[in-house]
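Visitor: Hi, I've just opened this one and don't know where to begin. Can you walk me through it?

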Amino acid sequence: MSHPEKDSPVAALSEKKLLDLARKRLERFASLMPKTLVGDHPDNVHDLRVWSRRLQQIFKILLPDHPTGKLRKLIHLPRRVRRALGDCRNLDMCNDLMQQKIAATNSEIVRNAWREIQAELRQRRDAELDRCRDELRRHDIIKFVTRAQAYMEGVKLEKTFAQTLKNSVEEARTRWHEALAKALESQDADQIHALRIAGKRLRYRAELLADLGHAPAKSLVRLLKVLQDELGFWNDSQVLLRLMAEFIGHADFLVRHPDFARVLLTEMEKERQRNGAAMAEILKSAAKVREWRFPEEVSEQEPA
């Protein structure tokens, strides 16, 4: 006789595997802090934000609602680091989009208009990175690593931790489905952004389950990656549109470059149209995520 709970891929997840993965994530996060402090490559900013999320997610499984506040202390630094780097990451993505547009156009005036904004944007990014580094220097990464390692060495996981992790994925799926329903209903920017955030939370929880060897979760992660990449591009485009509007709205910019302002208004309209066209692909990818099920869910739905 088959025992579904015992035979489930979730039940096979081991405490050792989880702790090994936690150590690897801690090492990756800690190694990126000094890189971001001394280097200015955009990948450092992006990777540090990604690994802060991954580390935070595994801490939540290792120390769920710990009575002494250990979880709150551990996730404080990754969360502060990620938030500090958010604006810098947005500027990096806008710069990449502008570079693509410069390379794609045959119009000299369009290229010059983009370069005018890009030059200002790069100055802003340098200042923002300096501000981020000031924030990062306030945190003692060695002390943080030492504390995290001590907590991990002394952690005693409940026997049901694997099921707790799967339940956290289920909870995130429910929130994601709710966000999708609202996005389908209105498709305005706020609802699409909310879907993107819900997708991030679901993806990082499912990714942890997949990294621990839960094979079915890997297919969900793949579907979410496609969707989140599309939503990420949409979000970057939204940020770019806001920056363009800000530049065009400056009185000195209009006085010095009225020709660039006209060109950029046309480019903004093109960007809005591209965003509208991209929404159809986003919703197609979202439909695939919506249809995904855990194997046991599929078995329950099959006729006897």
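Guide: Sure. A word on terms to start with: helices and strands here are DSSP runs, numbered from the N terminus, with at least four residues for a helix and at least two for a strand. Also keep in mind that this is a predicted model.

Visitor: Okay, so how many helices and strands does the protein chain have?

Guide: The protein chain has 12 helices and 0 strands. Read from the N terminus, the elements go α-α-α-α-α-α-α-α-α-α-α-α.

Visitor: And how much of the chain is buried?

Guide: 48% of the 304 residues count as buried. As for the accessible surface, that is about 16400 Å², and carbon and sulfur atoms hold 51% of it.

Visitor: What about contacts between residues far along the chain?

Guide: Take the contacts with a separation of 6 or more: 78% of them come from residues 24 or more positions apart.

Visitor: New topic, pockets. What volume does the largest pocket have?

Guide: The volume is about 1400 Å³. Helices giving two or more residues to the lining are α3 (42-62), α4 (70-104), α7 (161-186), α8 (189-211) and α9 (215-249).

Visitor: Which of those gives the most?

Guide: That's α8, with 12 residues in the lining of the largest pocket.

Visitor: Which residues lie nearest the pocket's centre?

Guide: R49, R53, R196, I197 and K200, out of 45 lining residues.

Visitor: How does the lining split by class?

Guide: The lining of the largest pocket has 22 charged, 12 nonpolar and 11 polar residues.

Note on methods:
Residues numbered from 1 in each chain as written. Predicted model: local features only at pLDDT ≥ 70, side-chain atom pairs only at ≥ 80, totals over all residues. Heavy atoms only, no water. Buried < 20%, exposed > 50% of the residue type's maximum accessible area, 1.4 Å probe, protein only. Contact = heavy atoms within 4.5 Å. Areas by Shrake-Rupley, 256 points an atom, 1.4 Å probe, with all protein chains shown as cover. 1 Å grid on protein atoms, 1.4 Å probe; cavity = no way out; pocket = protein on both sides within 12 Å on 5 of 7 lines; lining within 4 Å. Points joined across faces, edges and corners; volume = space filled by probe spheres on them. Nonpolar A, V, L, I, M, F, W, Y, C, P; charged D, E, K, R; others polar.
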